[in-house]
Amino acid sequence: MRLVTLALCAAVSLAAVPRHASEEVEAALARVSSLPVVDVLALRSKGDPKCPQLPLPVEIPSPRPDGVTAALAALQAVLDDSTDPVAIPGMSAAVGYRGGIIQVFTKGFANVSSGSKVGASTPFRIGSVTKVFSAILVLQAASAGMIHLDDPVAVAVPDFSVFNPFGSGLVTWRQLLAQRSGLQREAPFGVNSTDEALWAVAKTFLLRAPGGKPSYSNLGFALAGNLVAERVVGGGHTFTSLVQAWVVEPLGLSHTGNVYGPGTPAGLAVPYQANGDPSPFYDLGWVGPAGSMYSSPSDLVSLASALMQAAKGQGPLASRIRQDIAAAFMDPDYRNPDGLTLFGWPWEMRVAGSFLLRRKGGNIPGSTALISFVPELETAVAVTWNGGQDEFTLATEAWGAFLPKFTQALAALQPSPFRPGPRYTDYVGLYSFRGLLNATVLFDKASGSLVASVQGVISIYINDASAITGWPDTFQAYLPDGLVPCLSAELQAIGDEYFFFNRGQGGPVTSMSVPGYMPGLVFRRVV
């Protein structure tokens with residue numbers, strides 16, 4: 001007869017039996033015979049690393065722990081080195097965590113000639129980070145039932161067309177956001193209105209079949225932002241007015257907008273060329289939804305936080321973006337052959353350790369911006385510069401310095417994962433299935449957890465789950481990370497399985513079963 005060992009925790013020795021367990025239990029345990037064991041986990045994914053321990057986002061206490069301070073200092077060191085007194089005279093950054101801003105960094109000058117320094121609320125032009133705002137408008141329209149993401153754009157805008165030499169496929173809204181429309185990169189020359197754009201685009205050819213490999217298109221996002229504002233929502237809206245009404249005002253982004261003029265926005269960081277000369281103002285005109293907005297890092301972090309919250313059905317965007325759409329907005333749409341970078345709507349994602357970093361960079365002459373976040377940690381970093389910067393290399397370096405230290409600091413703040421329950425002594429004992437299989441439930445003092453074992457070789461932590469199920473005497477298997485490869489743990493599928501204990505007439509526990517993992521086996525309590 002064979003059993004499968006899970007190798008999840010060390011075999012519980014008799015010394016782990018609590019003092020209140022009877023000598024009869026100890027004697028019975030000593031008589032349990034060993035059976036041959038097949039370690040399936042050792043045979044599957046044996047070359048893979050152990051599944052890492054990933055912390056949950058928990059409250060950071062005050063005063064701030066040294067580990068969090070060290071993580072922020074490592075991030076600041078990278079950001080401080082990203083400026084240049086001539087080519088990039090100013091930088092601003094914000095770090096968000098669990099919906100709030102925990103740190104702001106500033107360095108250098110917003111205006112070199114006047115001596116005005118970069119402040120926490122200094123707005124910068126954000127270039128293609130504007131595409132995130134355009135995407136949010138489309139998501140809100142889809143959530144309101146005005147459009148469907150997988151419908152061809154021509155369903156809502158009948159005069160949208162483009163030559164498709166690759167077949168009969170039509171461009172959808174989702175493909176516009178994911179850079180998989182096949183449209184050319186830039187808008188046709190001389191386009192100044194949506195009507196002109198539709199007329200000109202109808203005379204162009206797709207570069208690739210819709211839904212194929214991504215091909216970056218400013219034209220695609222200019223169409224998405226302008227069409228959803230003017231043709232889908234209508235009512236006299238422009239992209240600028242709709243983004244103000246649907247995003248900026250609901251989120252309270254006080255240093256974000258798309259209106260430029262004398263003194264507007266106040267304190268806008270002067271963009272600079274590589275030689276230190278101010279860069280002339282670059283007007284994108286009709287293509288504005290692809291890259292014309294301004295913002296501050298704090299506002300961008302607030303935006304990222306609202307998106308992460310919406311994916312959980314929470315926060316200020318929850319009433320505007322359906323949860324399933326907001327959650328899909330976090331997911332990759334295409335994976336590149338390098339295995340490191342992925343495309344989303346419009347995220348340019350990258351694997352960062354155990355996490356997938358969602359990020360979007362933006363460049364417009366004399367200004368650079370980056371918005372980036374890790375939803376699993378509810379953590380965001382946004383940076384702006386008034387000069388030309390390689391924001392993606394900088395993002396890799398910044399998160400590479402910050403993330404390991406920050407996750408380590410969060411790990412130290414995690415509550416104990418073990419919940420033995422207030423009456424854990426009721427379950428300690430020896431159980432048997434028809435005398436063929438023996439099971440034990442012991443209290444492990446080292447972890448403060450109940451440990452269930454079958455035949456001395458299947459050992460698993462179990463946590464009180466009565467608050468989850470609403471049933472008394474219910475436990476759930478707990479599989480700690482860092483013990484076996486991730487795939488092995490998933491294939492074995494013991495984690496979170498329910499252990500049910502039964503009592504005779506409300507008295508002592510009389511039996512134990514694990515129907516989801518060992519169906520039909522009821523272990524009667526022997527001792």
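Me: Two strands pair if DSSP finds at least two bridges between them, strands being DSSP runs of E with at least two residues and helices runs of H or I with at least four, both numbered from the N terminus; what joins strand β9 to strand β10?

Reply: This is a predicted model in which local features need pLDDT of at least 70 and side-chain atom pairs count only at 80 or more, whereas totals for chains, interfaces and linings use all residues. Residues are numbered from 1 along each chain as its sequence is written, and side-chain values use heavy atoms, without hydrogens and water. Three bridges join β9 (residues 341-343) to β10 (residues 348-352), so the requirement of at least two is met; the two strands run antiparallel, and L342 stands opposite M349 in β10.

Me: What makes β5 and β8 edge strands?

Reply: The open, antiparallel sheet of nine strands has the order β5-β4-β3-β13-β12-β11-β10-β9-β8, and β5 (116-117) and β8 (334-335) each pair on one side only.

Me: Which strands does helix α12 touch?

Reply: With contact meaning heavy atoms within 4.5 Å, α12 (residues 391-412) packs on the sheet against β3 (90-97), β10, β11 (355-364), β12 (367-374) and β13 (379-385).

Me: Why is the charged end of R125 said to sit over the ring of Y260?

Reply: The term asks for CZ of Arg (or NZ of Lys) within 6 Å of the ring centre and within 35 degrees of the ring normal; the charged end of R125 is 4.9 Å from the centre of the Y260 ring, so the distance condition is satisfied.

Definitions and conventions:
Axes are lines fitted to C-alpha atoms, for helices over the stretch in contact, and angles run from 0 to 180 degrees between N-to-C directions.
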